[in-house]
Amino acid sequence: MTKRPIITLPDPLLRKPSTPVERVDEELRILIDDMFETMYDAPGIGLAGVQIAVPRRVIVMDASYRSADEEGGEAPKEPIAMINPEIVARGDELRAHEEGCLSIPEFYAEIERPGQITVRYLDAEGKQRERECEGILATVVQHEVDHLDGKLFIDYLSRLKRDRVIKKFVKAAKGEPVA
Ligand code: NI
């Protein structure tokens, strides 16, 4: 497994829609292994291919990771990889969770999303699966699927707040002092 560099705002690749995976093969499984390695090392609870500059529709997640961290204990890892994920149902009830993103380091905001979703995807063996998600996992899946469409969680903020975040990262990328 190889840790890969994570791209950050304002890299324009983050806005590029990812292309569907046509074949689940060994090369794809290596990519998935590398994505897990990169995500756990960061550390983070979700990562999309495009975040390591591979704009293909693959996401990895482990929603148990954060709770282990918060409780200060060791929770067993629950790695989940989804290929060509598609959210096929969304519950009516909205829930707010604090979100962050490995591509927008050190910025967090409460985002409201459906609290329950159903996602259809291929697993690492190429088998079609469907999973109902709620709580933090529902948020993570929606956040990662957004990445595949070139969407970021800051897009849910007011324009003023979003522009402020983007400006800060543009400045930092230019090496200018960040206020
Ligand atoms: Ni993200």
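Contact here means heavy atoms within 4.5 Å. The model is predicted: local features need pLDDT of at least 70, side-chain atom pairs count only at pLDDT 80 or more, and totals for chains, interfaces and linings use all residues. Residues are numbered from 1 along each chain as its sequence is written, and side-chain values use heavy atoms, with hydrogens and water left out.

**Exercise 1. The neighbours of Q51**

Task: Locate Q51, decide whether it is buried or exposed, and list what it touches.

Solution.
- Step 1. Find the element. Q51 sits in the loop between β1 (46-48) and β2 (58-61). Helices (H or I, at least four residues) and strands (E, at least two) are DSSP runs, numbered from the N terminus.
- Step 2. Check accessibility. Q51 has a relative accessible area of 1% and is buried. Buried means under 20% relative accessible area, exposed over 50%, and partly exposed in between (1.4 Å probe, protein chains only).
- Step 3. List the contacts. Setting aside residues up to four places away in sequence, Q51 touches P5, I6, I7, L14, G46, C101, L102, S103, E144 and H147.
- Step 4. Add a distance. The C-alpha atoms of Q51 and L13 are 8.3 Å apart, with their positions 38 residues apart in sequence.

**Exercise 2. The nickel site**

Task: Which residues coordinate the nickel ion, and how are they spaced in sequence?

Solution.
- Step 1. Name the donors. They are C101 (SG), H143 (NE2) and H147 (NE2), at 2.1 to 2.3 Å. Donors are N, O and S atoms within 2.8 Å of the metal (3.2 Å for Na, K and Ca); water is not among the atoms, so sites may look incomplete.
- Step 2. Read the spacing. The donor residues follow C-x41-H-x3-H.
- Step 3. Place the pair. C101 is in the loop between β4 (94-99) and β5 (109-114), and H143 is in helix α3 (residues 135-148), so the two tie together parts 42 residues apart in sequence.
- Step 4. Check burial. C101 is buried at 10% relative accessible area. H143 is buried too, at 7%.
- Step 5. Look at the helix. Of the 14 residues of α3, 13 are buried, so the helix is largely enclosed by the rest of the structure.
- Step 6. Follow the chain on. Just after α3, G150 has a positive phi of about 75 degrees.

**Exercise 3. Two faces of α4**

Task: Which residues of α4 are buried, and where do they lie around the axis?

Solution.
- Step 1. Take the length. Helix α4 (residues 159-174) has 16 residues and reaches 22 Å between its end C-alpha atoms, close to the 22 Å expected at 1.5 Å a residue. The expected span is 1.5 Å times one less than the number of residues.
- Step 2. Pick the buried residues. They are R162, V165 and F169.
- Step 3. Look down the axis. These buried residues fall within an arc of 65 degrees, so they line one face of α4. The arc is that of the directions from the helix axis to the C-beta atoms.
- Step 4. Recall the geometry. An α-helix has 3.6 residues a turn, so residues three or four places apart point the same way.
- Step 5. Turn to the other side. The face away from the buried side carries the exposed residues R159, L160, R164, K167 and K174.
- Step 6. Leave the helix. G175, just after α4, takes a positive phi of about 80 degrees.

**Exercise 4. Rings and contacts in α1**

Task: How are the rings of F36 and Y40 arranged, and what does T38 contact?

Solution.
- Step 1. Count the aromatic pairs. There are two. Rings of Phe, Tyr and Trp (its six-membered ring) pair if their centres lie within 6.5 Å; planes under 30 degrees apart count as stacked, over 60 as edge-to-face and the rest as tilted.
- Step 2. Apply the rule. The ring centres of F36 and Y40 are 6.1 Å apart and the planes meet at 20 degrees, so this pair is stacked.
- Step 3. Relate it to the helix. F36 and Y40 are four residues apart in α1, about one helical turn.
- Step 4. Add the charge. The charged end of K77 sits over the ring of Y40, 4.1 Å from its centre. The rule asks for NZ of Lys or CZ of Arg within 6 Å of the ring centre and within 35 degrees of the ring normal.
- Step 5. Move to T38. T38 lies in α1 (residues 26-41) and is buried at 2% relative accessibility.
- Step 6. List its contacts. Beyond its neighbours within four places in sequence, T38 contacts T2, K3, R4, I6, L47 and I52.
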